[in-house]
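Thanks for making the time this morning. I would like to walk through one model with you, going from single residues to the overall fold and then to the spaces inside and on the surface.

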Amino acid sequence: MKTGWYRKWKMGRKIYYFDSERSFETEAFARTLHEMIGEIMEEEGKRGILVLCIGTDRSTGDSLGPLTGYKLKEQRVRRIKILGTLERPVHAMNLEQYMAKIRMQYANYVVVAVDASVGNQDHVGCITLGRGALRPGLGVCKDLQAVGDIFITGIVGGYGNYDPLMLQSVRLSVVMKMADYICESVFLVEQFLERAALV
């Protein structure tokens with residue numbers, strides 16, 4: 001059962017779980033994300049932030065990334081670069097080209113990868129946050145290259161069902177809530193960055 005936010009260790013990584021129904025917790029999510037970004041910037045000397053939103057608008061369950069990218073562009077975030085929107089989605093067919101672009105143009109950026117995922121049925125509607133690369137496509141048996149320094153995933157279905165058609169039956173309201181939650185959190189991160197720049 002979903003209760004607030006919590007963390008657990010999975011394959012040696014600390015993963016935070018947040019319930020998208022509890023929109024008042026976006027500040028806790030944003031502070032955790034901001035802290036992770038700061039740690040990587042300090043450790044690796046990176047100077048910028050890129051949010052890479054992965055998925056396709058052709059499948060409701062897999063549209064979390066493009067919806068998030070679209071909403072962030074609409075909010076006109078200034079200190080954070082966005083790749084992957086409804087108009088220009090980043091998906092399995094073009095991920096390699098986008099990764100090449102990131103290596104050339106954004107090598108000095110912390111990459112936050114956002115994607116839909118499958119998980120425990122009780123966690124549907126939860127958003128996970130953690131340090132490390134994201135492996136897009138694993139939930140539907142696609143083997144794509146790992147991406148990002150930090151991952152954000154929205155759990156849209158149970159992992160007992162590897163049928164790609166399952167993603168078509170995910171309710172849009174579930175995906176929209178998660179996209180709103182992620183966008184609000186990223187927007188707060190930008191506000192934290194702006195405050196820090198004024199100090």
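Let me begin with a question: does asparagine 94 count as buried or exposed? Before I answer, I should say that what you are looking at is a predicted model, and I will come back to its confidence values in a moment. At 14% relative accessibility, asparagine 94 counts as buried, because the cut-off for that class is under 20%. This residue sits in the loop between β4 and α3, and a polar atom of its side chain lies 2.8 Å from the backbone nitrogen of histidine 91.

Now the confidence. The chain has a mean pLDDT of 86, and 84% of its residues reach 70 or more. Among the elements, strand β1, which covers residues 6–10, has the lowest mean at 58, whereas β3 has the highest at 97. I would ask you to keep that pair of values in mind when you look at the display.

As for the fold, the chain contains four helices and seven strands, and if you read along the sequence, they follow the pattern β-β-α-β-α-β-α-β-β-β-α. The chain has 199 residues, of which 51% count as buried.

Let me turn to a few places in helices and loops. Threonine 26 lies in helix α1 and is buried, with a relative accessible area of 7%; its side chain reaches the backbone oxygen of serine 23 at 3.2 Å. Phenylalanine 192 is found in helix α4 and is likewise buried, at a relative accessible area of 8%. Its C-alpha is 8.9 Å from that of alanine 30, although the two residues are 162 positions apart in sequence.

A second pair of that kind involves threonine 56, whose place is in the loop between β3 and α2. Threonine 56 counts as buried at 16% relative accessibility, and between threonine 56 and leucine 86 the C-alpha to C-alpha distance is 7.6 Å, with a separation of 30 residues in sequence.

Which residue other than glycine has a positive phi, near 55°? That residue is arginine 76, and its place is in the loop between α2, residues 64–75, and β4. The sign deserves a remark, because most residues other than glycine have a negative phi. Arginine 76 is exposed, with a relative accessible area of 61%, and it counts as such because the cut-off for that class is over 50%.

The cysteines can be dealt with briefly. How many disulfides does the structure hold? The number is zero. Cysteine 183 is in no disulfide, and the nearest cysteine sulfur, which belongs to cysteine 53, is 7.5 Å away; a disulfide would call for two cysteine sulfur atoms within 2.5 Å, so this pair does not qualify. Cysteine 183 counts as buried at 2% relative accessibility, and cysteine 126 is buried too, with a relative accessible area of 2%.

That brings me to the spaces, beginning with the enclosed one. A search of the whole structure finds one cavity of 30 Å³ or more, and the largest cavity holds about 30 Å³ of space. Its lining consists of Leu33, Ile37, Ile49, Val51, Ile80, Val112, Val186 and Val189, which by class gives eight nonpolar residues, with no polar and no charged ones. At least two of the lining residues come from each of three elements, namely α1 (26–44), β3 (48–53) and α4 (172–198).

Finally, there is the second largest pocket, with about 170 Å³ of space. The residues that line this pocket are Lys73, Ile82, Leu83, Gly84, Thr85, Arg88, Tyr98 and Lys101, and the elements that give two or more of them are β4 (80–83) and α3 (95–105). By class, the lining of this pocket has three nonpolar, two polar and three charged residues, whereas the lining of the largest cavity has no polar and no charged residues.

I will stop there and take questions.

Methods. Residues numbered from 1 in each chain as written. Predicted model: local features only at pLDDT ≥ 70, side-chain atom pairs only at ≥ 80, totals over all residues. Heavy atoms only, no water. Buried < 20%, exposed > 50% of the residue type's maximum accessible area, 1.4 Å probe, protein only. 1 Å grid on protein atoms, 1.4 Å probe; cavity = no way out; pocket = protein on both sides within 12 Å on 5 of 7 lines; lining within 4 Å. Points joined across faces, edges and corners; volume = space filled by probe spheres on them. Nonpolar A, V, L, I, M, F, W, Y, C, P; charged D, E, K, R; others polar. pLDDT = per-residue confidence, 0-100. Polar contact = N/O pair within 3.5 Å; in protein donor to acceptor, adjacent residues only side chain to side chain.
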